Amino acid sequence: PILASAHESSCIRLWSIQGNLMKELLPFSEHPSGPLTALCTDTFTRILLTGSKEGHIIRWNITSFLEDSRNRKNKIKEELCWRAHATEVVDLLFEEEKNVVVTASTDGSVRLWHDRTGYYFGYFGQARKFELSDTSRLILPSDVNDFSAIIKEDSQHMEKKKVIYPLRLDRDK
């Protein structure tokens, strides 16, 4: 078992059931995600999804890390980032059988997305039926204009650096 916590600093912390910090990570996607407001996983805890105050969804692959968290080669991979809403994401649901992510926002909308590509299927209450098998037509919600960004394998996570700034008076300057 593992516990995940999302924080205002965009940081995700993974904890052991005993309360020990196992991993701390920050997203490295092109757009800063802002404070994290929602998280969910798939049934087998292979995928972690996070939602942010700015409306971004980030998909993380945590499979290799959970297989052996002590092995430093086993990393958590940020796979995908997309803008799902113009306002804060308040809830996420991952429907594995259909490969669909359901997002809810403070804007009052509930939207469907393809989990591996960030493709927009539509919103609850729309006149047309959801077409979950066709991801060839690229559409976006009316309030979002950013396409999903697939994260490259060689991208590196931003690690928190401890920096000490000593205050010293330099009289020569």
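This briefing covers the fold, one strand sheet, an annotated repeat, cysteines and confidence of a predicted model. The protein contains one helix and 12 strands, and buried residues account for 39% of its 173 residues. The mean pLDDT is 79.

**Overall make-up**

- Read from the N terminus, the elements follow the order β-β-β-β-β-β-α-β-β-β-β-β-β.
- Of the contacts between residues at least 6 apart in sequence, 43% link residues at least 24 apart.

**The β1-β2-β3 sheet**

- Three strands make up an open sheet, ordered β1-β2-β3, with antiparallel pairing.
- Its edge strands are β1, at residues 2-6, and β3, at residues 21-25, and each of them pairs on one side only.
- With direction ignored, neighbouring strands of the sheet are turned by 15° against each other on average.
- Strand β2 covers residues 12-16 and is joined to β3 by four bridges, the two running antiparallel.
- Tryptophan 15 stands opposite leucine 21, a residue of β3.

**Annotated repeat**

- The UniProt record, an unreviewed entry, places a feature named "repeat: WD" at residues 82-113.
- Over residues 82-113 the model has 59% strand and 0% helix.
- The C-alpha atoms at the two ends of this stretch are 10 Å apart.

**Cysteines**

- The structure has zero disulfides.
- Cysteine 11 has a relative accessible area of 0% and is therefore buried, the cut-off being under 20%.
- Cysteine 81 also counts as buried, because its relative accessible area is 3% and falls under the same 20% cut-off.

**Confidence**

- A pLDDT of at least 70 is reached by 73% of the residues.
- Confidence is highest in strand β9, residues 100-105, with a mean of 94.
- Confidence is lowest in strand β12, residues 149-150, with a mean of 58.
- Residues 154-163 have a pLDDT below 50, and in the model this stretch makes 18 contacts beyond near neighbours in sequence.
- Where pLDDT is low, predicted coordinates should not be read in detail.

How values were computed
Residues are numbered from 1 along each chain as its sequence is written. This is a predicted model: local features need pLDDT of at least 70, side-chain atom pairs count only at pLDDT 80 or more; totals for chains, interfaces and linings use all residues. Side-chain values use heavy atoms; hydrogens and water are left out. UniProt positions are given in the numbering used here, feature names are shortened, and annotations may be inferred rather than shown by experiment. Two strands pair if DSSP finds at least two bridges between them. Axes are lines fitted to C-alpha atoms, for helices over the stretch in contact, and angles run from 0 to 180 degrees between N-to-C directions. pLDDT is the predictor's confidence in each residue, from 0 to 100. Contact means heavy atoms within 4.5 Å. A disulfide is a pair of cysteine sulfur atoms within 2.5 Å. Buried means under 20% relative accessible area, exposed over 50%, partly exposed in between (1.4 Å probe, protein chains only).
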